[in-house]
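Here are some notes on the model, set out as numbered points. Please read them with the structure open.

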Amino acid sequence: MTVILGLESSCDETAAALVTHDRRILAHKLAGQEAHHAPYGGVVPEIAARAHVEMLAPLVEATLDEAHMTLAQVDAIAATAGPGLIGGVMVGLVTGKALALASGKPLIAVNHLEGHALSPRLADPELRFPYLLLLVSGGHCQLLLVKGAGRYRRLATTIDDAAGEAFDKTAKLLDLGFPGGPAVERTAAKGDADAVPLPRPLVGSREPHFSFAGLKSAVLRARDAGKYRPEDIAASFQQAVVDCLIDRTTRALDRVDGVTALVVAGGVAANGAVRGALQQLAGAHGLPFIAPPQWLCTDNAAMIAWAGVERHAAGLTDPLDTPARARWPL
Ligand code: KG4
Ligand code: ZN
């Protein structure tokens, strides 16, 4: 049996998890920082880094305790090494290095995006490479052809905001609270998606990419027009995002051969409207649709541990001088 300890601290969740090669999550712990950041309406990097410092070591201990394990029984330590808020990334990576050094176990420096990209395989043993992945989170909006651990082809990315960022900014504009995505989804459920005319940036375009900045500006104008209910703006916004995601994903599906499934991951994959529309699209293309359970879509350490499992199996470990990176494309 192989057991990997995973650490995550790249944004505003501090997390640790123990995952086996045969997909058993022996323990996983997560400490959110919502209360720390809510007064500011967004994640404050310095506050996040300090909270990671306070929380990570106790979480690692609690995770090992829950699994009745010691560090000596772990095969490797996988820590997020980027991309993300650099202070937080450094806390997790340095902790991972210290644990690796103290235990004599190898370090696996995981790209946070790879954690999201491989997480569907933790949830679904049937999912085979290659698959088309829509990765939609607070910091990223990409279409990736996932060919194996460490083997990705990026087919599209956002030219401005990420999809989750658009949700968060819309929540802020409509004063719906933080974190924004779930708040917009709850508010949208009470609104009419046809009530507010909003643009669908790049829909129908020959280029592959995403764009959401224009949508955010349109939400601001709709709000300031003073004639729409926030519920209707939220519902119309969510529908516009769904339309953009579906159009761009359709374009990618038409251009790749031999994919085994359409897969979604990242925080925005927790959104019911996004999941529903992608499910339909996959069906229309005769493909299975795979979405990890909601808790595995938002940031967590089980996905980092699982990326560690896949990299460990491929013989990929990293030296202790591996740098933390704020930017790190897959
Ligand atoms: O993957 P994630 O937890 O962190 C990043 O790596 O960015 O994604 C967080 C993003 C946030 O922008 C959040 O608003 C969005 O995912 N999100 C949602 C929902 N839940 C989280 N967006 C739309 N609907 C949701 N239910
Ligand atoms: Zn993430």
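1. A term first: two residues are in contact if their C-beta atoms, placed from the backbone, lie within 7 Å. On that basis, Asp299 touches Glu8, Cys11, Glu13 and Ala15, not counting residues up to four places away in sequence. This is a predicted model.

2. Asp299 sits in the loop between helix 10 (294-297) and helix 11 (302-313). Is Asp299 buried or exposed? It is buried, because 26 other C-beta atoms lie within 10 Å, and 20 or more are enough for that class.

3. UniProt lists Asp299 with His112 and His116 under "binding site", in an unreviewed entry. The three are spread over 188 residues of sequence, yet they cluster in space. Their largest C-alpha distance is 8.9 Å.

4. His116 belongs to helix 4 (residues 112-123). His116 is buried, with 31 other C-beta atoms within 10 Å. Leaving aside neighbours within four places in sequence, its contacts are Leu135, Ser137, Ala265, Gly266 and Met303. Leu135 and Ser137 also appear in a further UniProt "binding site" annotation, again from an unreviewed entry.

5. That further annotation also covers Val136, Gly138, Gly139, Asp168, Gly181, Glu185 and Asn271. Take Gly139: the residue is found in the loop between strand 6 (131-136) and strand 7 (141-148). Gly139 counts as partly exposed because it has 18 C-beta neighbours inside 10 Å.

6. Asn271 is placed in the loop between strand 9 (262-265) and helix 9 (272-284). Asn271 counts as buried, with 26 C-beta neighbours inside 10 Å. Beyond four places in sequence, Asn271 touches Gly181 and Glu185. Both of these partners carry the "binding site" annotation from the unreviewed entry too.

7. Now ligand 1. Which of the 19 residues around it come nearest? They are Gly138, Gly164, Gly181, Gly267 and Asn271. Helix 5 (163-173) and helix 6 (180-188) are the elements that give two or more residues to this shell. Helix 6 gives the most, with four residues. By class, the shell divides into six nonpolar, 10 polar and three charged residues.

8. Where does ligand 1 lie with respect to the domains? It lies between domain 1 (3-117 + 298-313) and domain 2 (127-291), because both give residues to its shell.

9. The protein's domain assignment gives these two domains, domain 1 being built from two segments, 3-117 and 298-313. Their centres, taken over C-alpha atoms, are separated by 27 Å. The contact takes 12 residues from domain 1 and 18 residues from domain 2. On the domain 1 side, helix 1 (34-37), helix 4 and helix 11 give two or more residues. Helix 4 has the largest share there, three residues. This side has four nonpolar, five polar and three charged residues.

10. Last, the sheet. Five strands form an open sheet in the order 8-7-6-9-10, with mixed pairing. Its edge strands are strand 8 (151-156) and strand 10 (289-290), and each pairs on one side only. Strand 6 and strand 9 pair in the parallel sense, over four bridges. Leu133 stands opposite Val263 in strand 9. The loops holding Gly139 and Asn271 adjoin these strands: Gly139 is in the loop between strand 6 and strand 7, and Asn271 is in the loop between strand 9 and helix 9.

Key: Residues are numbered from 1 along each chain as its sequence is written. Chains are lettered from A and ligands numbered from 1 in the order in which they are written. This is a predicted model: local features need pLDDT of at least 70, side-chain atom pairs count only at pLDDT 80 or more; totals for chains, interfaces and linings use all residues. UniProt positions are given in the numbering used here, feature names are shortened, and annotations may be inferred rather than shown by experiment. A residue is buried if 20 or more other C-beta atoms lie within 10 Å of its own, exposed if 12 or fewer, and partly exposed in between; C-beta atoms are placed from the backbone. A residue is near a molecule or strand if its C-beta atom, placed from the backbone, lies within 6 Å of it. Ala, Val, Leu, Ile, Met, Phe, Trp, Tyr, Cys and Pro count as nonpolar, Asp, Glu, Lys and Arg as charged, and the others, Gly among them, as polar. Domain bounds come from an automatic or database domain assignment. Two strands pair if DSSP finds at least two bridges between them.
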